[in-house]
Amino acid sequence: MRQKFVAGNWKMHKDKSETIELISSLKNKLSNFSVITEVAICPPFTSLELASELIKNSTLKLGAQNVHSEPEGAYTGEISAKMLKSFGVEYVIIGHSERRTYFNESNEFINKKIKRAIEFDLRPIFCVGETLNEREAGKTFSVVEEQLILGLQGISESDLLKIVIAYEPVWAIGTGKTATPLQAQEVHFFIREKIKSIYDTKSSEKIKILYGGSVKPENARDLFLQPDIDGGLIGGACLNPDSFFKIILSAE
Ligand code: PEP
């Protein structure tokens, strides 16, 4: 049995006071439940230090939304894995479609980031997923396969399980269009089979595969009930503590 995992990607939202408000409200809701699901929040870099303080004495884990592939150096505006680690960050989102699209991140660059994150003891949340054009052209499986093979190149079996994979169909992110539970399950099953063929059965059974793309309290339960869906990477709905909390409860 894989423990369910729900991570909230705040994207470019929440200033200092809004960070305090959101985390306090979430902590308050969680304090009345003993939740088994692992829950992480991924605020923007500017809120990481504050978030790290605020989640002390709670079960919430901290994630970042990006990391640079180099350990340090002349990369103006970038943040290293070592810096993230020093703020108590445990997870880092790598390969999100918004970074692939708006910042031209390639599979090769994503692979370097994954390796760097692991070197500094961070756990990558590695995102893969096809665009609408690719789905309509019948390329969903080949696109996801390529992203997996190139993204995981050179990652050892023991390091693989530090990674959480997130299947996020690009056409479902921030659009309100969710993949149906069966559409999502089909790709999650494919990803698990792919992990089996690249690594082995044991790794494929242990690795967590999250679904992301317009997950809401109304659709979370049916998605999380699918056999190969181990939780969710939540964008828009994690900005509201009520919605995020309901999604967490759906995973229980
Ligand atoms: C995301 O950004 O990873 C995401 C899934 O966003 P949304 O839930 O808003 O579609």
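## The ligand and its shell

In this predicted model, the ligand is surrounded by 14 residues, and the closest of them are Lys11, Glu168, Gly174, Ser214 and Gly236. Sorted by class, the shell around the ligand holds eight polar, four nonpolar and two charged residues.

Three polar approaches to the ligand are worth a look on screen. From Gly174, a backbone N or O atom sits 2.7 Å from an oxygen atom of the ligand. Gly235 also takes part through its backbone, with a polar atom 2.9 Å from a ligand oxygen. Asn9 uses its side chain instead: an N or O atom there is 3.3 Å from an oxygen atom of the ligand. Taken on its own, the ligand has 300 Å² of accessible area, and the protein covers 95% of it.

## The largest pocket

Next, the open spaces. The largest pocket holds about 390 Å³ of space. Its lining is made up of 15 residues, with Lys11, Met12, Gln65, Arg99 and Phe103 closest to the centre. Lys11 is a residue to keep in mind here, as Lys11 is also among the residues closest to the ligand.

Which helix gives the largest share of this lining? That is helix 4, residues 97-102, which contributes three residues. By class, the lining of the largest pocket comprises seven nonpolar, five polar and three charged residues.

## The second largest pocket

The second largest pocket contains about 290 Å³ of space. There are 16 residues in its lining, and those nearest its centre are Met1, Arg2, Lys4, Phe224 and Ala251. Two helices, helix 11 (217-224) and helix 12 (241-251), each provide at least two of the lining residues.

The classes in this second lining come to seven nonpolar, four polar and five charged residues.

## An enclosed cavity

Rolling a probe the size of a water molecule over the atoms shows where empty space is left. How many cavities of 30 Å³ or more does the model have? The count is one, and the largest cavity has a volume of about 40 Å³.

The walls of the largest cavity are formed by Gly95, His96, Ser97, Arg100, Cys127, Val128, Gly129, Gln147, Glu168 and Ile173. Helix 4 and strand 5 (123-128) are the elements that give two or more residues to this lining. You have already met helix 4 in the lining of the largest pocket, and Glu168 among the residues closest to the ligand. Split by class, the cavity lining has five polar, three nonpolar and two charged residues.

## Buried polar side chains

Two buried residues make polar contacts through their side chains. Asn66 sits in the loop between strand 3 (61-64) and helix 3 (81-86). Is Asn66 buried or exposed? Asn66 counts as buried because its relative accessible area is 8%, under the 20% cut-off. The side chain of Asn66 is joined to that of Lys113 by a polar contact of 2.6 Å.

Lys194 belongs to helix 9, which runs over residues 181-198. With a relative accessibility of 17%, Lys194 is likewise under 20% and so is classed as buried. The partner of its side chain is the side chain of Glu145, in a polar contact of 2.7 Å.

## A buried leucine in strand 7

Leu210 is part of strand 7, residues 209-212. Its relative accessible area is 0%, so Leu210 is buried. Along the chain, Leu210 and His188 are 22 residues apart, while 8.3 Å separates their C-alpha atoms.

## Two positive phi angles

Lys14 and Asn57 are good places to check the backbone. Lys14 lies in the loop between strand 1 (5-9) and helix 1 (16-30). Its phi is near 85°, a positive value in a residue that is not glycine. Lys14 has a relative accessible area of 24%, which falls between the limits of 20% and 50%, so Lys14 is partly exposed.

Asn57 is placed in the loop between helix 2 (48-54) and strand 3. Here too phi is positive in a residue other than glycine, with a value near 65°. Is Asn57 buried or exposed? Asn57 is exposed, because its relative accessibility of 84% is over 50%.

How values were computed. Residues are numbered from 1 along each chain as its sequence is written. This is a predicted model: local features need pLDDT of at least 70, side-chain atom pairs count only at pLDDT 80 or more; totals for chains, interfaces and linings use all residues. Side-chain values use heavy atoms; hydrogens and water are left out. A residue is near a molecule or strand if one of its heavy atoms lies within 4 Å of it. A polar contact is a pair of N or O atoms within 3.5 Å; within protein, one must be able to donate a hydrogen and the other to accept it, and residues adjacent in sequence count only if both atoms are side-chain atoms. Accessible areas come from the Shrake-Rupley method with a 1.4 Å probe; for residues, only the protein chains shown count as cover. Ala, Val, Leu, Ile, Met, Phe, Trp, Tyr, Cys and Pro count as nonpolar, Asp, Glu, Lys and Arg as charged, and the others, Gly among them, as polar. On a 1 Å grid over the protein atoms alone, a cavity is a set of points where a 1.4 Å probe fits but cannot get out, and a pocket is an open set with protein on both sides within 12 Å along at least five of seven lines; lining residues have an atom within 4 Å of a point. Grid points are joined across faces, edges and corners, and a volume is the space filled by probe spheres set on the points. Helices (H or I, at least four residues) and strands (E, at least two) are DSSP runs, numbered from the N terminus. Buried means under 20% relative accessible area, exposed over 50%, partly exposed in between (1.4 Å probe, protein chains only).
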